[in-house]
Amino acid sequence: MGERRWRTAGSALWRIIVVWAVSTLTLLALAGALPDFRLQSEDGESITRTAITAAWGAGAFGLLSALVWPLVVRAFLLVPALVLGLLVFFLNGSLLLLALRLIPDGGGAAAPETAVVVAAVMSAVASATSTALAVRDDNAYRRRLSRLATRRRRRGGPGGANGAGAPPGTVFLQLDGVGHAVLVQAVEDGLMPTVARWLGSSHRLTRWRTDWSSQTGASQLGILHGSNHDVPGFRWYEKDTGRIMVSNRPASAVELQRRAVRRTRDAGLLSLDGASRGNLFTGGADQLALVLSVAARRGRANRSRAGYFAYFSDPANAVRTAVSFVAEVAREIGQSVRSRLRGDEPRTGRGGLYPLIRAFATVVERDVVVAAVMGDMLAGRTTVYADLVAYDEVAHHSGPHSRDAAKVLERIDRSLALIAKVAEHAPRTYRIVLLSDHGQSPGETFDGAYGLTLKDLVRAGCGLPVSRRAGRTKSGAEARDAARHALLGALHRPMGEDGAPEQPADGPSEPVVLASGNLGLISFPGLPGRPSREQIDRRHPALLHTLASHPGIGFLLVRSERHGSVVLGRDASGTVELPVDPLDDSGPLAVFGPGTADAIRRTDSFPHVADIMVNSMHDPVTGRVHAFEAQIGSHGGLGGEQSYPFLLSPYELSVPVADGTELVGAEQVHTVLQRWLDECRGEPFAPQVPLGPVEDPRSPGRPEEAFPVTGRVVQDKSE
């Protein structure tokens with residue numbers, strides 16, 4: 001034992017000396033190449049003296065990076081993540097200037113902007129040298145990766161039981177937006193060799209079907225917390241509170257998680273020694289990083305961005321990620337320009353802040369989440385659930401089958417390979433499960449195809465003013481004419497008790513029109529409860545016909561006084577009305593595939609289902625849909641690949657569903673994952689059964705809980 005310790009200490013000392021020497025040579029080379037950086041006094045010095053000055057500078061910079069950097073990063077935890085990434089260069093340059101001041105006799109000097117460049121190069125070279133020295137030393141490789149776990153244990157206490165006798169741990173890696181068909185194609189094209197190796201030897205692939213709301217908010221809530229009841233879309237209007245819920249906003253996420261926990265009476269999938277990384281919801285985990293539902297908590301220790309500390313406390317990591325961030329911004333700008341020059345269609349806007357948003361999703365979020373997962377594994381955490389969002393973000397704007405998205409899948413596969421490598425050094429065996437929350441369906445936007453948004457069409461159908469551009473389109477003109485003629489007809493027949501067209505007690509109000517991919521949700525704040533088709537017809541006689549007959553719309557869901565809820569769609573005979581109770585997957589729903597009628601019936605039962613639910617058209621031959629927001633790869637409704645994500649599980653775990661049975665809905669996926677965790681712990685599986693609707697009094701209207709509708713509602717096109 002003593003000999004091993006001496007050998008380990010000697011190896012560590014040797015690596016320090018080599019890294020110091022390489023850093024010294026790098027400093028000398030930079031001093032010779034950069035005019036505003038010097039390691040000699042103005043009178044000149046000998047080569048030996050200059051080399052000693054460089055050694056002093058390299059040593060001081062290394063010590064400051066190791067000792068001061070973690071404290072500086074912790075002090076900046078309250079800075080927004082995007083800003084923190086950009087501050088990396090400034091902070092590193094400041095440390096170099098301080099290191100130069102610590103050199104005896106003041107031999108070193110640099111201009112501030114030069115110091116930033118020198119510091120970045122020094123950190124990158126030191127990191128590369130250290131990694132190269134550890135390549136052939138498994139213990140050194142493991143120690144380097146386990147620093148993240150050590151820091152996390154210091155903050156949060158010891159992890160779960162670990163060691164040779166511990167039961168296997170489980171790592172769930174969610175590849176956001178990667179559909180079953182996309183994964184299979186990527187494997188066949190050689191883009192994901194790690195996944196291909198698993199498929200060929202150790203894992204089984206299962207396709208599952210989402211609920212009507214095929215988006216991360218609904219799917220991940222169901223997967224992590226066992227219930228996504230009353231989540232009709234990515235964003236929706238709630239009449240009882242007058243607020244708009246948006247799944248990717250902290251206030252809405254914490255409320256959705258609260259409702260799910262209240263309904264299931266269960267903390268979540270990760271409640272037993274779990275870690276939640278990069279997710280919308282905690283899943284009941286104690287260890288959190290980049291979790292949206294805790295982002296609005298007060299206090300530095302509870303903020304989701306505190307998870308950045310474990311990663312950015314290593315200056316080499318910070319510099320590498322910052323450089324990659326800048327490179328990704330340049331890559332997106334270049335890809336966007338090439339797409340425009342090639343005349344790619346469909347195409348959507350990729351300017352403004354989007355290059356920065358993409359770089360954050362594909363670089364910063366990926367690096368932080370992957371590092372956190374590695375730390376969890378090396379700490380022996382029992383269960384980890386992490387979301388990698390890079391593909392979903394790029395596919396929205398470049399297309400799910402684009403070359404840009406394919407490149408992202410290649411980089412994701414490299415991250416999976418790294419995680420698998422770390423699993424070999426973890427203190428317990430890990431079973432890695434890959435899954436996705438939804439897929440994406442391609443297609444031109446509704447606005448691009450018809451020259452007006454869904455909101456424009458609704459306003460035109462209601463006889464309300466629309467933009468001049470929308471009014472000049474064929475759809476807009478037809479809708480306005482229909483509304484005008486219908487209103488003139490309504491004025492000649494009594495509708496209310498006084499013989500006038502029916503109006504709500506508080507006077508007319510504009511409809512709230514929200515988009516969730518190719519799913520639209522229309523609500524009338526001025527009509528209490530869920531108005532019937534008959535009420536809507538009396539108020540806006542042309543609206544439902546305008547929507548149901550539009551070629552870009554597949555079907556509507558609305559309540560009827562005569563038949564209960566009904567689906568309005570089109571067949572060869574024209575517009576048809578189909579009661580929901582006996583509804584099947586034929587007629588206008590046939591193109592959306594099996595299970596469509598069941599998905600509609602389930603959503604129809606939600607307390608906060610919109611007054612009118614609108615699903616876009618779907619072409620079963622091309623797989624196209626029309627998103628109601630600015631996305632050429634979309635999800636959120638029914639139609640095509642968006643409804644079919646995947647589950648890739650090790651053979652050691654039981655089969656997800658029996659042969660010939662389809663896995664349907666996020667809540668069923670939660671049941672499968674919970675069964676697997678029980679199997680790993682050696683416990684009998686007790687399926688969780690939601691207790692049904694629970695009296696759910698709304699908490700007092702705190703401003704951070706959701707978003708009140710005050711005045712005009714502006715469609716939010718970011719997801």
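In this predicted model, E332 has its place in helix 12. With a relative accessibility of 0%, E332 counts as buried. Leaving aside residues up to four places away in sequence, its contacts are R350, Y354, P355 and R358. Helix 12 spans residues 315–342 and also holds I333. The relative accessible area of I333 is 45%, which lies between the limits of 20% and 50%, so I333 is partly exposed. Thus the helix offers a friendly starting example, with E332 buried and I333 partly exposed. On the surface, I333 joins V337 and L341 in a nonpolar patch, and together these residues have about 310 Å² of accessible area.

Stepping back to the chain as a whole, the model contains 23 helices and 21 strands. The chain has 719 residues, and 55% of them count as buried. About 30,100 Å² of the chain is exposed, with carbon and sulfur atoms supplying 57% of that area. Contacts can also be sorted by how far apart the partners sit in sequence. Among contacts between residues at least 6 apart, 73% join residues that are at least 24 apart.

A pair of helices shows how such elements can meet. In general, two packed helices are described by the angle between their axes and the distance between the axes. The axes of helix 8 (residues 193–201) and helix 15 (residues 403–423) come within 7 Å and cross at roughly 60 degrees. Helix 8 and helix 15 are therefore oblique to each other. On the helix 8 side, the residues that meet the partner helix are P193, T194, V195 and W198. Helix 15 contributes D413, L416, A417 and A420 to this meeting.

Charged side chains provide another set of links, and a search of the whole structure finds 31 salt bridges. One of them joins the side chains of E662 and R209, with an N to O distance of 3.0 Å. This pair links distant parts of the chain, since its two residues are 453 residues apart. E662 sits in the loop between strand 19 (646–650) and strand 20 (663–664), whereas R209 belongs to strand 4 (residues 203–209). E662 is partly exposed, at a relative accessible area of 32%, while R209 is buried, at 11%.

A further salt bridge connects E667 with R602, whose closest N and O atoms are 2.9 Å apart. E667 lies in helix 23 (residues 666–681) and R602 in helix 22 (residues 596–604), so the bridge ties together parts that are 65 residues apart in sequence. Both partners are partly exposed: E667 has a relative accessible area of 22%, and R602 has one of 24%. Salt bridges can also share partners, and in this way E328, R331, E332, R350, R358, D404 and R411 are joined into one network. The network includes E332, the buried residue of helix 12 met at the start.

R347 and E345 form a salt bridge too, the closest N and O atoms being 3.7 Å apart. R347 counts as partly exposed, with 30% relative accessibility. The value for E345 is 60%, which is over the 50% limit, so E345 counts as exposed.

The backbone has some details worth a look as well. Most residues other than glycine have a negative phi, and most peptide bonds are trans. The peptide bond from E345 to P346, however, is cis, with omega near -5 degrees. P346 is found in the loop between helix 12 and helix 13 (354–378). D230 has a positive phi, near 65 degrees, although D230 is a residue other than glycine. Its place is in the loop between helix 9 and strand 5 (235–238), and D230 is buried, with a relative accessible area of 9%. L290 likewise has a positive phi, near 55 degrees. The loop that holds L290 runs between strand 8 (287–289) and helix 11 (309–312). At 12% relative accessibility, under the limit of 20%, L290 counts as buried.

Helix 9 (residues 216–225) includes H225, which counts as buried at 0% relative accessibility. Although H225 and Q257 are 32 residues apart in sequence, their C-alpha atoms are 7.5 Å apart in space.

Key. Residues are numbered from 1 along each chain as its sequence is written. This is a predicted model: local features need pLDDT of at least 70, side-chain atom pairs count only at pLDDT 80 or more; totals for chains, interfaces and linings use all residues. Side-chain values use heavy atoms; hydrogens and water are left out. Helices (H or I, at least four residues) and strands (E, at least two) are DSSP runs, numbered from the N terminus. Buried means under 20% relative accessible area, exposed over 50%, partly exposed in between (1.4 Å probe, protein chains only). Contact means heavy atoms within 4.5 Å. Accessible areas come from the Shrake-Rupley method with a 1.4 Å probe; for residues, only the protein chains shown count as cover. Patches are made of residues with over 30% relative accessible area and no salt bridge: like charges are joined within 9 Å, nonpolar side chains (Val, Leu, Ile, Met, Phe, Trp, Tyr) within 5 Å. A salt bridge is a side-chain nitrogen of Lys or Arg within 4 Å of a carboxyl oxygen of Asp or Glu. Axes are lines fitted to C-alpha atoms, for helices over the stretch in contact, and angles run from 0 to 180 degrees between N-to-C directions. Angles under 35 degrees count as roughly parallel, over 145 as roughly antiparallel, 65 to 115 as roughly perpendicular and the rest as oblique.
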